[in-house]
Amino acid sequence: MVIVMHGQATAEQVDRVVAAVTDHGFDAHRSTGASHTVIGVVGEAVARLDPREFTLMDGVHEVLRVSEPYKLAGRAFHPDDTVVSVGDVTVGGERITLMAGPCAVESAEQMEAVAASVARSGATILRGGAFKPRTSPYSFQGLGPEGLTLLRAAADRHGLKVISEVVDRGDLSLMCDHVDILQVGARNMQNFRFLKDLGKVSRPVLLKRGMSATLEELLLAAEYIMDAGNSQVILCERGIRTFETATRNTMDISAIPILKKRSHLPVVADPSHGTGLRDKVLPMARAAVAAGADGLLIEVHDDPEHALSDGPQSIFPEQFAELCGQLRVIAPAIGRRL
Ligand code: PEP
Ligand code: MN
């Protein structure tokens, strides 16, 4: 952290800032230039300091953070890309991983139809919510444990891995019995106690960006899971809330290269929640892969017009097949493959 003093700061004001830095247990390195005095703050846990404490002091012009507050999720101490492995399926690295399936598990027939078609097209991970975090308590809440059984059985029949959302710490052990990757939804991204619980499980966690979360907040949420012991974290851009009303959320494609630069963790994109509209899913999926996403999480339904959850943003199996064909052209152009 660097504290820049005002041009007119007095020697006493500089001394008071230096004393405050050392009181916190850090070293203060003072350098006086022609117009400003600058104080460098050095120490193991500088990230713990709140810059505002110094911003408020007399004579201080500006306080700048020079190191990122997320040591485990950041690239600074871990320059190589992390590849998350689930058996023979990987997320990160050269291959682009496709996770596809309905928003919610509804029936054995639905799961069989979707699993068969997405596996044929190129997906390696089947998605499907058994516990649904719905905005309204009157909306379909998911089939619960029965949904997990149907999801696992359909995935196993087609050689797919399984991802599903966990909404409550009490479900963790049941979830771990059925799924390969635990999804943490946008609404839970800053449920910090829950994130610590996820640090204790032996399953990779796909962490979705909160609806109004900055990328720094997303990386700090990942840091919670990693600091609690689980380094297998996948970041997911799923659109954020903005003033735009043409789409359900605003899909932040620029988040992908920014996260890839700041973090070594794999980054996937969810253009289904990112746009909320079926006809926008393919263009944004293509854009996400072109922007460097390591994978996609896409809602696919065999009968989306009658889906119990998120039908309007769920694509038909034929559209998923079309997308896979397009990605086979786009991926090699950026040194990747499906
Ligand atoms: C979902 O994947 O179905 C879901 C609820 O996602 P999000 O948490 O991004 O809204
Ligand atoms: Mn959904």
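The following questions and answers introduce a predicted model.

Residues are numbered from 1 along each chain as its sequence is written. In this predicted model, local features need pLDDT of at least 70 and side-chain atom pairs count only at pLDDT 80 or more, while totals for chains, interfaces and linings use all residues.

Q: How many Å separate the centres of domain 1 and domain 2?
A: The protein chain is divided into domain 1 (2-64) and domain 2 (84-333), with bounds from an automatic or database domain assignment. Taken over C-alpha atoms, the separation of the two centres is 44 Å.

Q: Which residue of strand E4 stands opposite Val-4?
A: Strands are DSSP runs (E, at least two residues), numbered from the N terminus, and two of them pair if DSSP finds at least two bridges between them. Strand E1 (residues 2-5) runs antiparallel to strand E4 (residues 60-64), joined by four bridges. Opposite Val-4 in E4 stands Glu-62.

Q: Which residue of E3 is the bridge partner of Val-2?
A: E1 is also joined to strand E3 (residues 37-42) by three bridges, and the two run antiparallel. In E3, Val-2 has as its bridge partner Gly-40.

Q: How far apart are the end C-alpha atoms of helix H7?
A: Helices are DSSP runs too (H or I, at least four residues). The expected span is 1.5 Å times one less than the number of residues. For the 13 residues of H7 (residues 215-227) this gives 18 Å, which agrees with the separation of the end C-alpha atoms, 18 Å.

Q: Which residue just after H10 takes a positive phi?
A: In helix H10 (residues 278-290), the buried residues (under 20% relative accessible area, 1.4 Å probe, protein chains only) include Val-281 and Leu-282. Just after H10, a positive phi of about 110 degrees is taken by Gly-292.

Technical notes
Chains are lettered from A and ligands numbered from 1 in the order in which they are written. Side-chain values use heavy atoms; hydrogens and water are left out. Buried means under 20% relative accessible area, exposed over 50%, partly exposed in between (1.4 Å probe, protein chains only).
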